[in-house]
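Q: I have this model open and would like a close look at a single part of it. Could you pick one strand and walk me through its pairing and its surroundings?

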Amino acid sequence: MTYAGWHIDLLSIEGKDGKKAQLAFAPALSLIYGASNTGKSFAVKALDFMLGGSQELPNIKERQPYDRLSMGMTLTNSRKVRLERALAGGSFTLREDGREAATLAPRHDADSVNNLSNFLLREMGSVGKKIALDAAGTHGNLSFRDIARVVLTDELSIQSETSPIESGDRGAATRERSVLKFLLTGDDDSAIVPLVKPKDFRTGRIAQTKILEEMIEQINGELASNYPDHDGLEKQSEDLDALLQRIENEMADARSSVRSLLDDKRRLTSEIAAAERRTVDIGLSLNSFEQLQEVYDSDVARLESIEEAGFLLGLGGKKTCPVCGAPPESQEHTHGLVEIESLRVAAEVEIQKIRQQRKELVKTVNDTEGEAIRLAESIKGMRTVLKTVEVKLEEATPDFDAQQRKLAEVIPIRDRVRHGLDLLERRGDLEKQKMRIAASKPPKREKAMQSGLTTQTAKEFADVVSDVLFNWGFPGQNHVVFDLATYDLIIDGKERRHNGKGVRAITHAAFKIALLLYCRERKLPHPGFLVLDTPLLTYRDPFKKPGDKLTADEQELRNTDLKERFFEHLGHIGTDAQFMIFENVDPPSKVNEYATVETFSNDPNIGRQGLL
């Protein structure tokens, strides 16, 4: 059980006909940069899918030619493996040079070695570890999916108000916190707490009851202040989840519609340009044909003169010359009649040949003029269709922007409602815990699991986060506390979740990067790579989306050189730490000096248009 130092080498999307779309990653820092709708989010989802994710990949039009995924990885000791999986899901195929291909099931099974989760946990030295599933200390098996959520963060999660280690699922909070404890300490939750003495138990019961009462009172105060109508929070949460799902579905439909219209516009523009070029070529050809016609006419006239003269000369030299009028006695013949006749016949044959060519030329001219007429009609029709497509594009774009604004409005509301439900659940758990403690008796053979982080471990981790923020030039004193109640950060006295979404995104990234560095320095279990989608959200264009103005803390952050220092820090962290950053904002001008950059231009005529 140690720091693994893996890295992902290649993500490849493949089709039956040999078609491939590949995305390579550097062993250290990779930046995948581009505009929206170029496939960055699809790539993040595909990486999660290849790490055992069960969620179906978006069924976008661009993925239709493909039917499977493969992912190349370098494991500990430079061991190269390749994982393959159908886009439809199901089992994985593991390939490694010198070994037979193996089939790995997608779901974790602690009793089997033939599943992806156990294969990766075994490579980390973490197979068979136990983690707590609930506050009662129920044990469950550690799965690599628990680790995957730590090392891969999508665009929505990185800006959420929940702890960077939590998904927002209230039922999974204990499990997720136990996973963090395992990563930060290397200790799983199978340890047993020593028996408690009766005297210590009674003293502890009084102290615990008082603490619980204070915590319940604190929660009641927050509920009264911020959630006076908390009885309806459960219904609100269900309605908001349904609304978010509907918005996401509508946005997916809008994206598909806009992509199709853009494809039609590009195709029509290209076809119109080709037709217009052909029209110009036809005009030049007709001019050339006209000049050739004049040459044919001139040649025929010349040859007819020769043929006529030869005919007249062939009538005989004993008559007055029909050409010049000379009498027979004044005529001197240097050529024989046979030679003259041959010349006349040759002229006549050439005249027939030219007339045939002139006839063919007339047909060619007629065909070419007909093509010109058809092209003009075709261009007119295509321009009409192009105008219709442009109108549809103008109509579709506002709908998509409106859905994005609505999504940005709903997510904070959803997070607030979830926090209220968390408070209610926490209060209920605390009240039950208080009643259980009040009614409990000194145990005789009770065994309880030691759970949670120690204050020392929390402080040491917070110090690493502080160092990361300092290296990035994060504004403020960078005094970081790890809150054992929320499992989140308090930075310079302010809870992380109370910042704008851009600040939440960059501090979420700092949390995850610090966790990797903490584990690397102490040789604790961690895969050694990190995928972050849009950590620099605060550098977004605030005027691109109405209602998406920067908050004061976001503006303060934007005014610093954090973006440049963020990439420089990741690029110089050192070996055995791989970072894959997916971003929309423009990168620093010198980023190529310390990172591998893949740019999605969203333009078929400039570089790589997108992932697929």
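A: Happy to. Let's start from one pair of residues: Leu94 has Ala102 in strand S7 as its bridge partner. The strands here are S6 (residues 92–96) and S7 (residues 99–104), and S6 and S7 pair in the antiparallel sense over four bridges. Between them, the hairpin has two residues, and Gly98 in this hairpin takes a positive phi near 85 degrees. Please keep in mind that this is a predicted model.

S6 also pairs with S5, again antiparallel and again joined by four bridges. Here Glu84 has Thr93 in S6 as its bridge partner. The hairpin of S5 and S6 has five residues between the strands, and Gly89 within this hairpin takes a positive phi near 105 degrees.

Now look at the two faces of S6. Phe92, Leu94 and Glu96 make up the covered face, while Thr93 and Arg95 lie on the uncovered one. Leu94, the bridge partner of Ala102, is thus on the covered face, and Thr93, the partner of Glu84, is on the uncovered face.

A helix worth following from here is H2 (residues 116–124), which is mostly covered, with eight of its nine residues buried. Those buried residues are Leu116, Ser117, Asn118, Phe119, Leu120, Leu121, Glu123 and Met124. They pack against strands S4 (68–75), S5 (79–86), S6 and S7, and against helices H1 and H3. Both hairpin partners of S6 are therefore on the list of elements that the buried residues of H2 pack against, where a contact is counted for heavy atoms within 4.5 Å. Just after H2, Gly125 takes a positive phi of about 75 degrees.

Two helices on that list lead further into the chain. Take H1 (residues 40–50) and the sheet it packs on. Five strands form this open sheet, in the order S10-S16-S17-S3-S18, with parallel pairing. S10 (152–153) and S18 (596–600) stand at the edges with a single partner strand each, so one side of each has no neighbour in the sheet. H1 packs on this sheet, touching S3 (29–34), S10, S16, S17 (578–583) and S18, and its direction makes about 145 degrees with that of S17. At the S10 edge, S10 and S16 (residues 529–533) pair in the parallel sense over two bridges, and Leu152 stands opposite Val531 in S16.

The other helix is H3 (144–151), one of the elements that the buried residues of H5 pack against, along with S8 (130–132), H9 (455–472), S13 (480–483) and H10 (501–522). H5 (residues 173–185) has 13 residues and reaches 18 Å from its first C-alpha to its last, close to the 18 Å expected at 1.5 Å a residue. Among its buried residues are Val179, Leu180, Phe182, Leu183 and Leu184, and also Glu176 and Lys181. H5 is followed by Gly186, with a positive phi near 80 degrees.

For the wider setting, the chain has twelve helices and 18 strands, and buried residues make up 42% of its 612 residues. As for confidence, the chain averages a pLDDT of 85, and 88% of the residues score at least 70. Over residues 445–450, however, the pLDDT is below 50, although this stretch has 17 contacts in the model beyond near neighbours in sequence. Where pLDDT is low, the predicted coordinates should not be read in detail.

Notes. Residues are numbered from 1 along each chain as its sequence is written. This is a predicted model: local features need pLDDT of at least 70, side-chain atom pairs count only at pLDDT 80 or more; totals for chains, interfaces and linings use all residues. Side-chain values use heavy atoms; hydrogens and water are left out. Two strands pair if DSSP finds at least two bridges between them. Axes are lines fitted to C-alpha atoms, for helices over the stretch in contact, and angles run from 0 to 180 degrees between N-to-C directions. Buried means under 20% relative accessible area, exposed over 50%, partly exposed in between (1.4 Å probe, protein chains only). pLDDT is the predictor's confidence in each residue, from 0 to 100. The expected span of a helix is 1.5 Å times one less than its number of residues.
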